[in-house]
Amino acid sequence: DTFVSPELLAGATADKPKEAVILKYEFVEAKDLPFPSEEGKHQLTVEVEGDEYTWLPNKTSLKAFMAKFGDNTDAWTDETVKLFLVDQNVSGQMKKVVYGKV
């Protein structure tokens, strides 16, 4: 799988985000994730510039989507969202983190 990465969104900010179309939502159990995790994650398949990517949205992004599209995640299919990067402290290191808004 190809994940949404800071490289894909290079230069994308809250003021100048990249558009993405939600193709699929699924919840992935912790044991099925490709990395160690104590809890499962929400996973979206999104299309950015004609290519499909996997994205594990953070809770802030999920709340924004639920506020706009409702909590029936099946209804999110084909909705357009905007992705952008935020500099954030992750485990003591500043990293670029992908956020989404509508």
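Is Lys 96 buried, exposed or partly exposed? Select Lys 96 and keep the question open while the ground rules are set out, because buried is defined as under 20% relative accessible area, exposed as over 50%, and partly exposed as in between, with a 1.4 Å probe and protein chains only. At 46% relative accessibility, Lys 96 therefore counts as partly exposed.

The model is predicted, so that local features need pLDDT of at least 70 and side-chain atom pairs count only at pLDDT 80 or more, while totals for chains, interfaces and linings use all residues. Residues are numbered from 1 along each chain as its sequence is written, and side-chain values use heavy atoms, with hydrogens and water left out.

**Salt bridges**

With Lys 96 still selected, add Asp 87, since the two side chains meet in a salt bridge at 2.9 Å, N to O. A salt bridge here is a side-chain nitrogen of Lys or Arg within 4 Å of a carboxyl oxygen of Asp or Glu, and by this rule the count comes to five. Another of them is formed by Lys 82 with Glu 19, whose closest N and O atoms are 3.9 Å apart. This pair links distant parts of the chain, with Lys 82 in strand 4 and Glu 19 in strand 1, 63 residues apart; strands (E, at least two residues) and helices (H or I, at least four) are DSSP runs, numbered from the N terminus. Lys 82 is partly exposed, with a relative accessible area of 28%, whereas Glu 19 is exposed at 52%. Move next to Lys 31, which forms a salt bridge with Asp 32, the closest N and O atoms being 3.4 Å apart. Lys 31 counts as exposed at 70% relative accessibility, and Asp 32 is partly exposed with a relative accessible area of 47%.

**Strand pairing**

Now show the backbone and select strand 4 (80–90) and strand 5 (93–101). Two strands are said to pair if DSSP finds at least two bridges between them, and here nine bridges join strand 4 to strand 5, which run antiparallel. Gln 88 has Lys 95 in strand 5 as its bridge partner. The two strands form a hairpin with two residues between them, and Ser 91 in the turn has a positive phi of about 50 degrees.

On strand 4, look also for the pairing with strand 1, where four bridges join the two antiparallel strands, and where Ala 20 has Val 81 in strand 4 as its bridge partner. Then select strand 2 and strand 3, which run antiparallel and are joined by five bridges. They too form a hairpin with two residues between them, and Glu 49 in the turn has a positive phi of about 50 degrees.

**Aromatic rings**

Leu 44 stands opposite Trp 55 in strand 3, and Trp 55 leads on to the rings. Rings of Phe, Tyr and Trp (its six-membered ring) pair if their centres lie within 6.5 Å, with planes under 30 degrees apart counted as stacked, over 60 as edge-to-face and the rest as tilted. A search of the whole structure finds six aromatic pairs. The rings of Trp 55 and Phe 65 have centres 6.0 Å apart and planes at 70 degrees, so this pair is edge-to-face. It links distant parts of the chain, Trp 55 lying in strand 3 (residues 51–55) and Phe 65 in helix 1 (residues 59–69), ten residues apart. Both Trp 55 and Phe 65 are buried. Extend the selection to Tyr 25, Phe 69 and Trp 76, which ring pairs link with Trp 55 and Phe 65 into a cluster.

Elsewhere, select Phe 84 and Lys 101: Lys 101 lies over the face of Phe 84, at 5.6 Å from the ring centre. A charge sits over a ring if NZ of Lys or CZ of Arg is within 6 Å of the ring centre and within 35 degrees of the ring normal.

**The nonpolar core**

Finally, select Val 4, Leu 9, Val 46 and Leu 83, which touch the most other members among the 22 residues of the largest nonpolar core. Such a core is a set of buried Ala, Val, Leu, Ile, Met, Phe, Trp, Tyr and Cys residues joined through side-chain atoms within 4.5 Å. Its largest share, four residues, comes from strand 4. Around Leu 9, leaving aside neighbours within four places in sequence, display Val 4, Lys 18, Leu 83, Phe 84, Leu 85 and Val 98, with which Leu 9 is in contact, meaning heavy atoms within 4.5 Å.
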